[in-house]
Amino acid sequence: MRARLHPLTALTAAGSVAVITVAADSWLLSLAVACAAGVLSVRAGVAGRVLPAAAVILAPLCLSLLMLHGLFFPEGHTVLAQWGPARVTTEGLGFALDLASRTAACVMVFLLFSFTVNVPDLVSALEARRVPAQFGFVLASTLTLLPAIAARLDRIRQAQESRGLVLRGGLLSRLGAVRLQMVPLVLALVDDAGNRAQALDARGFGIGGPRTSYRDVADPPAQRRFRAVALLLAAVAVALRLAASWPAAGLS
Amino acid sequence: MSATTRPALLARIGGFTFHGDARPVLRDVGLSAAPGTLTAVLGGSGSGKTTLGKLLAGWLRPGHAGSLMGSLELGPERLVFHGLADDPRINPGAWSRRVGFVPQDAAATLSTVRSTVAEELAFGLENRGMPRADMHAAVAGTATLTGLTALLERDPATLSGGELRRLAVGCAAITGPEVLVLDEPLASLDAAGAVQVRDLIRGLLDAGAAVIVLSQAADGLARTAGHWIILDGGTVTASGPPAQLMGAPELARSGVVVPDMPSAAPSRRDTSTGRTGAAPVLELRTVGFGYPAGRGSPPEAREEQVLRNLDLAVDPGEIVAVTGPNGAGKSTLLRHFNGLLRPAAGEVRVQGSSIASVPVGRVAASVGLLFQHPRDQLFERTVLREVSFGLRGRLGVEASVSRAYGALAAVGLSDAAGTHPAELPASQQRLLALATVVAREPALLALDEPTVGLDRHGLDLLHSAVEAATARGAAVVLVTHDVAYARAMAHRILELDGGRLRQV
Amino acid sequence: MSQQSLTVPAPGQAAGRGRRLLEIAGAAAIAATYIFLVLTQPADIASGPVSFSALVALGGFLLGAVLLIVAVLPVLPTSTLVLIPVALVLNVVLGQLMGTTGLPFYFDSIGTVLIAVLAGPATGAATGALSSIVWSFFNPTVLPFAAGAALIGFLAGLAARGGLFRRFYLAPVAGFVTGVLAGVVSAPIAAFVFGGTSGLGTGAIVSAFRAMGDTLLAAITKQALISDPMDKAIVFAIAALLVYALPRRTTFQFPFVRRYRVLAGNAPVAAPAPSKA
């Protein structure tokens, strides 16, 4: 288990690939990256979660892009078809393909990262890199609270139904029911947060000064070198893109 | 070291007032805790026990949470507070390293950011920069003390109530504090869990810590204390050795539950059977139920049948108690009464007709179910609106208001009609939740652990509310792990064991 | 483990200046990026340079959001810090709950606004930015909008400080204005990073403006001006509803609420009984 990727290596890899893909601006590369991420997710055994999550995000976006640029692209010259104000142009379709594939690549790469990373390892690694402990707290606490909240909301609904609340009817009564569920939820969360703040303070969370970590996350030298190279490549890609496009984007 | 003569912690509280409050919550409270001794602070609901405990442990900081007049003395160091801006400011991290606090809701101490019990224990040490090797040794030592060694790699979110309480004690004890304050350490634990926590406290005392227990029951643990302090209305009404205070009028007035005291109700099983021969209000016929494998709500119930071929009939006016250890499925059984859970086999009949296809909200008209956590049940802006909820449609405006006031009077909350429910103390929230059920006059009252968190006054009110309900012909089923209470209240006691009910 | 003093000195003012500079730098990075993008927006987006704008938008806005987080996060008192995960969870859960009502809005910032009203603009900004970063664990496309989310939290806190939550009808007005600003600032992200919007409904509105010959950025900005103010007005109204449904004991425990008299009415007096908590 310790032989696996250090969480920062995975994060750096995902970030660098995303940046390079955006900088390269080639739909072929984008599609290749998206497919590679898909293959990796299958091999990591998380395809069952990555692919549906990606589909939910990407499907409406891609349809929206296709409708928007496929039909309305005033900058396009090569008209393939035309109905009234709507014009299908090669440039518009190409633009939609560029952006859809680019977003797909980035979404796939980052989802692959977040569904494979071990969050406690990531938090521990961030804290070891002097990222404020507060950031790790917010990240890990949110991920812990989310499933607990779903369970709590269910308990609230059960308790309220037991008091004769029938969840049914039109928009207004539904809104009313939502309000009734929100109030105990928000109240309990804010109250718990107050208690947790006292407990965290008591356990020295806000004490300042040096911190140590109980969890030991292995960080082999090879992975450090890999991270340096990946960051360098990303920086070069960004620099090249900026240099190449700057005049074209100048104030004209 | 003259540790045996000098108190580890000495507090003199002239008065403590929360910001925004007009009256002090605590006044004229003195407390002294010597190393290796157990002190019990006893008081009813709303007596200020928890505030006192948090104040002693630096969870409530003078100046930050409220204004304190008085002094806190920890070993040789003495802090004096005048309620002014230039008062000393307590450093919570440093203070709590030496005075640990374990709240009643043990889950509240968890950091929510550590994924194993071991890391949760180490959290307080990480923040203080202890080297990793020392930390491993400290975690191993504390795990042995708290009996958590076998659980070190578990996710804290999956622990049972008793395990969670021991983890919370471990988190407070791992820094080696001189003083430990435990708020209701035995609340809602079953017999096995309570024994483990009591052993743990014994171990802490043997290690030389001064332990202060806050409790609203003069239970077995409190009786082993060397010194009692009785808190009533925010002030000390009596203090001294337990033997001297056991029969004191101050103890009786304070609302502290004294388990051996003769109960207000004579044991009912001697007087009558309760069964009237009328048609049963509730009938369960060969009910079977199991949580789906993998994601069962109670972890102990996974894949296994929780209820098996279970029969139960409850007559009008009858009080039935269901007991059993934590995790036996008592709450699961209760949730079948109004359809929150639907049986996999068999059928549930309320007042003679099956509820199989009736929505929960409709069954609620005849079955009033009271949960363990009152906060989940309350959602209105005022106590009166809370009790009136759902009545107006059935009774009309005037009748619903008078019914609501009647229910509030029955639980002693008439004066609080305009208060926000969340501003009531926890025990009064439970009583309010009871009032919301009683006001609807259901044919069946189903109560899940109704005694937890109630002081003596609350128990008396609960008792009379149950009496009133049975007097008008309602049936009552109560689920409790408190066998003594069940014996005092119920006509019949059934034990849930292996998915079936057994007459005790 | 060193023996620490049991008391701490009174908080000083000196440490605040560096933080303030970081905050200003963060806000400046966001503003400069926006101005740069609008001034240099490619006249012809078809010929590739949209990649350049995307990199600038991502880099500038994320830098701004990170600076804001770095400035605010380490100095937040623990009592405020623990509210941020609560806000994030509420953003998700209340967003979903409201989704069940079938109304065509996002409602993904209710928690941020609620916490901003209780704890102030700086906390609100950090909450908004962090919300985007943490939420991007499940949906990476929200990450680029961190700056816009920070702006929403900041403006909500500002509105609360200015007393706009004292009267119920002013809260949606503040939300409307917030929506205008947040929509305008987020438009370059939608235009240059994603090339459009993620919804079919909003996509149709953008299409309509494009059909009239607008540039992509202009079309998306106009679309944002149609949908965002409405969404934020409702979100602010819901947050106000929730704040007033909470007991005063809870809301008045926040120093920000007490100090700026954020809510109507006076602090609670003569509480009925000492709280257990």
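**View 1. Helix α1 of chain B is mostly covered.** In this predicted model, helix α1 of chain B runs over residues 49–56, and 8 of its 8 residues are buried. Walking along the helix, you meet the buried residues B:Lys49, B:Thr50, B:Thr51 and B:Leu52, followed by B:Gly53, B:Lys54, B:Leu55 and B:Leu56. Just after α1(B), look for B:Gly58, which takes a positive phi of about 80 degrees.

**View 2. B:Ala279 sits in a loop of chain B.** Staying with chain B, this view shows the loop between α10 (268–271) and β12 (282–290), where B:Ala279 lies. B:Ala279 has a relative accessible area of 58%, and because the cut-off for exposed is over 50%, B:Ala279 counts as exposed. A handy partner to display is B:Pro316: B:Ala279 and B:Pro316 are 37 residues apart in sequence, with their C-alpha atoms 7.7 Å apart in space.

**View 3. Chain C meets chain A.** Here 70 residues of chain C are in contact with 72 residues of chain A. The area buried between the two chains is about 6400 Å², and carbon and sulfur atoms give 80% of that area. For chain C and chain A, the salt bridge count is 0. Polar contacts do turn up across the interface of chain C and chain A, in 6 residue pairs with both residues at pLDDT 80 or more. Several helices of chain C each supply at least two residues to the side that touches chain A, among them α1 (16–39), α2 (50–72), α4 (83–99) and α10 (216–245). Of these, α4(C) gives the most, with 12 residues. Sorted by class, the side of chain C that touches chain A has 47 nonpolar, 20 polar and 3 charged residues.

**View 4. Helix α6 of chain C is mostly covered, with C:Thr127 buried within it.** Of the 15 residues of α6(C), 13 are buried. You can check the helix with a ruler: at 1.5 Å a residue, its 15 residues should span 21 Å, and the end C-alpha atoms are indeed 21 Å apart, so the two values agree. C:Thr127 lies in this helix. Its relative accessibility is 0%, so C:Thr127 counts as buried. Leaving aside neighbours within four places in sequence, the residues in contact with C:Thr127 are C:Ile84, C:Ala87, C:Leu88, C:Thr112 and C:Ile115.

Technical notes
Residues are numbered from 1 along each chain as its sequence is written. Chains are lettered from A and ligands numbered from 1 in the order in which they are written. This is a predicted model: local features need pLDDT of at least 70, side-chain atom pairs count only at pLDDT 80 or more; totals for chains, interfaces and linings use all residues. Side-chain values use heavy atoms; hydrogens and water are left out. Contact means heavy atoms within 4.5 Å. Buried area is the accessible area (1.4 Å probe) that two parts lose on being put together, summed over both. A salt bridge is a side-chain nitrogen of Lys or Arg within 4 Å of a carboxyl oxygen of Asp or Glu. A polar contact is a pair of N or O atoms within 3.5 Å; within protein, one must be able to donate a hydrogen and the other to accept it, and residues adjacent in sequence count only if both atoms are side-chain atoms. Helices (H or I, at least four residues) and strands (E, at least two) are DSSP runs, numbered from the N terminus. Ala, Val, Leu, Ile, Met, Phe, Trp, Tyr, Cys and Pro count as nonpolar, Asp, Glu, Lys and Arg as charged, and the others, Gly among them, as polar. The expected span of a helix is 1.5 Å times one less than its number of residues. Buried means under 20% relative accessible area, exposed over 50%, partly exposed in between (1.4 Å probe, protein chains only).
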